[in-house]
Amino acid sequence: MFDLDILTGILNIVIINLVLSGDNAVVIAMASMGLSEKYRKKAIFWGTTLAVVMRIVLTFVAAVLLQIPYIQFIGGTLLALIAFKLLFPQEEGHGTGQGSSNFTKALLTILWADLLMSLDNVLAVAGASQGNLYLLIFGLVFSIPIVLAGSTLLTKAMGKYPWLAYIGSGVLAWTAGKMVVEDKAILPHLHALPVVEIVIPALLTAVIIGAGVWVRNKKISEATES
């Protein structure tokens with residue numbers, strides 16, 4: 001029979017992966033939206049696989065990196081820019097070279113965003129494993145089907161309902177805002193103003209989505225005039 005601590009650890013890891021892997025699935029889905037079916041499947045598969053490999057590497061350095069002042073602030077700022085950029089996926093041309101180029105760009109975007117978001121995820125899974133190497137490996141491996149299935153479903157949904165891209169971008173912008181306020185060098189100054197910890201992510205989310213709507217409408221207006 002399984003030890004109660006092991007069963008608890010497995011349950012915690014499953015829940016953590018279900019909650020925290022959503023951001024990764026959103027990034028993969030949004031980055032691969034403008035690709036053809038052939039390259040979209042490749043982007044989802046390799047994006048998921050390499051993201052998990054990155055998590056394994058980060059497992060050994062995450063705790064150290066998060067102690068560096070302003071590392072989460074910088075990461076959150078960069079993730080906010082990615083959240084905005086993903087609202088405007090590049091459509092593929094008809095040439096093979098163009099499709100390959102956009103696939104590479106999408107894959108790099110996925111890896112960059114996953115790198116910025118994965119530190120907290122890795123620490124959460126490592127904490128839930130309670131020092132048990134097998135539980136830690138289970139947590140990392142279990143995240144693969146979750147991200148793979150989630151990104152596949154989201155890609156199809158966003159293709160059918162384009163407005164979902166704004167929700168996806170909002171999720172990433174909120175994550176970026178939380179990273180900023182939870183930075184080791186910034187969080188102590190916010191304890192006196194607890195509401196700010198919610199206001200800043202909410203404000204950043206509104207700005208990203210608002211700017212995305214404005215830019216998209218401007219492009220549509222320019223296209224209509226020309």
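## Helices H2 and H6

Let's start with a pair of helices: H2 and helix H6 (residues 133-160) pack at an angle of about 155 degrees, with their axes 10 Å apart. Here axes are lines fitted to C-alpha atoms, for helices over the stretch in contact, and angles run from 0 to 180 degrees between N-to-C directions. That angle makes H2 roughly antiparallel to H6 (angles over 145 degrees count as roughly antiparallel, under 35 as roughly parallel, 65 to 115 as roughly perpendicular and the rest as oblique). The crossing of H2 past H6 is right-handed (the near helix is turned clockwise from the far one by less than a right angle; anticlockwise would be left-handed).

Who touches whom? On the H2 side, the residues that meet H6 include Phe45, Thr48, Val52 and Ile56, and their partners in H6 include Leu140, Ile144, Val147 and Leu148. Contact means heavy atoms within 4.5 Å. Sorted by class, this contact has nine nonpolar, six polar and two charged residues (Ala, Val, Leu, Ile, Met, Phe, Trp, Tyr, Cys and Pro count as nonpolar, Asp, Glu, Lys and Arg as charged, and the others, Gly among them, as polar).

## What kind of model this is

This is a predicted model: local features need pLDDT of at least 70, side-chain atom pairs count only at pLDDT 80 or more, and totals for chains, interfaces and linings use all residues. Residues are numbered from 1 along each chain as its sequence is written, and side-chain values use heavy atoms, with hydrogens and water left out.

## The whole chain

The protein chain has eight helices and zero strands, so you can read its pattern as α-α-α-α-α-α-α-α. Helices (H or I, at least four residues) and strands (E, at least two) are DSSP runs, numbered from the N terminus.

Of the 226 residues, 42% count as buried (under 20% relative accessible area; exposed is over 50% and partly exposed in between, with a 1.4 Å probe and protein chains only). Among contacts between residues at least 6 apart in sequence, 85% join residues at least 24 apart.

## Phenylalanine 45 and the aromatic pairs

Phenylalanine 45 lies in helix H2 (residues 37-59). Its relative accessible area is 42%, so phenylalanine 45 is partly exposed. Leucine 107 is 62 residues away along the chain, and the C-alpha atoms of the two are separated by 10.0 Å.

A search of the whole structure finds three aromatic pairs. In one of them, phenylalanine 45 and tryptophan 46 sit edge-to-face, 5.1 Å centre to centre with 80 degrees between the planes. Rings of Phe, Tyr and Trp (its six-membered ring) pair if their centres lie within 6.5 Å; planes under 30 degrees apart count as stacked, over 60 as edge-to-face and the rest as tilted. Tyrosine 161 and tryptophan 163 form a tilted pair, with 6.2 Å between centres and 55 degrees between planes. Tryptophan 46 is partly exposed at 41%, and tyrosine 161 is partly exposed at 38%.

## Helices H4 and H7

Helix H4 (residues 71-85) and helix H7 (residues 164-181) pack at about 165 degrees, with their axes 7 Å apart. H4 and H7 are therefore roughly antiparallel to each other, and H4 passes H7 in a left-handed crossing. Their contact divides into ten nonpolar, six polar and no charged residues.

Which residue sits in the loop between helix H3 (62-65) and H4? One is tyrosine 70, which has a positive phi of about 70 degrees although it is not a glycine. Tyrosine 70 counts as partly exposed, at 45% relative accessibility.
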